[in-house]
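Me: Take a close look at one part of this protein for me, namely any empty space shut inside it and what sits around that space. Keep it informal, and give me the cut-offs as you go.

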Amino acid sequence: MSSSTAVPGSSPIAETAPLSLCALEPHVPADRLVAEMVPPPRFDSVRFDTYVPDPNQPSQTEAVKVLSDFAAGLGGAHATGAGKRKWFGGRKAVAPSGPRGVYLDGGYGVGKTHLLASLWHATPAAPSLKAFGTFVELTNLVGALGFQQTVRTLSGHRLLCIDEFELDDPGDTVLVSSLLSRLVEAGVALAATSNTLPGKLGEGRFAAADFLREIQGLSSHFRPLRIDGEDYRHRGLPDAPPPYSEEQVTKAAYATEGASLDDFPALLDHLARVHPSRYGALTDGVRAVCLTEVQPVPDQSTALRLVVLADRLYDREVPVLASGMPFDRLFSEDMLNGGYRKKYFRAISRLTALARDAKGMVAQ
């Protein structure tokens, strides 16, 4: 393989064997969880003016305006003391009559995370006074710090952004409902993204009707903002590259500095032993992921773990080179028609984009 066709950092002959994700079991201290509640690397430099609305989707242009105004309105918020904040320039934080947050609802690939990160960047507050994390990272923060300490830690913030907001079990429903209620009482502004309207959270995943009060409570904190459009990752682009041979993937892994090389079924087994909140740390220092024997995932629990890994790889812009089945055949028809279908389509979309990014690793 020539260096001219490799991704940055690759070389004709690697000095060491590739990394193995299966050999890593990262442990993430609580202080790192708090410090890393910022937009991930892929979205570190995005801003409202770098978002390119689809001219055929006016809701995208409207979303930029609404969120820009939302960010500007947070400039007068006082950053300390529960119940003493200004809200959108108001004189004091008495209980507001309307929602204290905005909820970006739309399909995968319409730029919701881009807009959420842009809101975080545009909010006039120090990074230590605004937090950005996925729903999984937020629930894990509660697990690491405890509920009361999490409330104390985040109550001093001006803004909390929650990406990929979805309720997968009753425990999460009660936990997050209680947490967000406490934060709203403290004057924290909220923003979230999801593929599901707030009143429909949990639908198709568990007996959501039994937790209707909590779900309605969550919904009351947000003003839904619908964003229509097609997946920007595939607008006008060619189809995803077909899988490569196992020999090609292996050679590319050995020739690329910082690449990992794992058997896909073994990696799926390993993910069951690592908490999903640590999947980001699992990829620390990894510059490319090489997978052999990609095949359909065997069950829903495994599939949901793979979705989280795909999100973390996409956030960190880690290309994925694979042999075996193409990524659009990872999930069964039953999965793609079930309650988690939007998560699975997002994973397919993101893995396809990362597969395109990996094309330069293989000599043509």
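**Around the enclosed space**

Reply: Let's come in from the outside: E317 has 45% relative accessibility, so it counts as partly exposed (buried means under 20% relative accessible area, exposed over 50%, partly exposed in between, with a 1.4 Å probe and protein chains only). This is a predicted model, where local features need pLDDT of at least 70, side-chain atom pairs count only at pLDDT 80 or more, and totals for chains, interfaces and linings use all residues. Residues are numbered from 1 along each chain as its sequence is written, and side-chain values use heavy atoms, with hydrogens and water left out.

E317 sits in the loop between helix 11 and strand 8 (320-324); helices (H or I, at least four residues) and strands (E, at least two) are DSSP runs numbered from the N terminus. Its phi is positive, about 55 degrees, although E317 is not a glycine. Most residues other than glycine have a negative phi. E293, in strand 7, also has a positive phi, near 60 degrees, and counts as partly exposed because its relative accessibility is 38%.

Now for the space itself. Rolling a probe the size of a water molecule over the atoms shows where empty space is left. Here a cavity is a set of points, on a 1 Å grid over the protein atoms alone, where a 1.4 Å probe fits but cannot get out; lining residues have an atom within 4 Å of a point. Grid points are joined across faces, edges and corners, and a volume is the space filled by probe spheres set on the points. That rule gives one cavity of 30 Å³ or more, and the largest cavity holds about 70 Å³.

Which residues line the largest cavity? They are F264, L267, V289, L291, L306, L309, A310, L313, V320, F327, L330 and L351. Helix 11 (300-315), helix 9 (264-271) and strand 7 (288-294) each supply at least two of the lining residues, and helix 11 gives the most, with four. The lining divides into 12 nonpolar residues, no polar and no charged (Ala, Val, Leu, Ile, Met, Phe, Trp, Tyr, Cys and Pro count as nonpolar, Asp, Glu, Lys and Arg as charged, and the others, Gly among them, as polar).

Helix 11 turns up again in the packing. A nonpolar core is a set of buried Ala, Val, Leu, Ile, Met, Phe, Trp, Tyr and Cys residues joined through side-chain atoms within 4.5 Å. The largest one has 64 residues, of which L115, L119, F331 and Y344 touch the most other members. Nine residues of this core come from helix 11, its largest share. Y344 is a handy residue to click on: leaving aside neighbours within four places in sequence, Y344 is in contact (heavy atoms within 4.5 Å) with Q300, A303, L304, V307, F331, M335 and L336. A second, separate core of 24 residues includes L160, L183, L190 and A192. In soluble globular proteins, nonpolar side chains tend to be buried together.

To place all this in the whole chain: there are 13 helices and eight strands, and 51% of the 364 residues count as buried.

Conventions. On a 1 Å grid over the protein atoms alone, a cavity is a set of points where a 1.4 Å probe fits but cannot get out, and a pocket is an open set with protein on both sides within 12 Å along at least five of seven lines; lining residues have an atom within 4 Å of a point.
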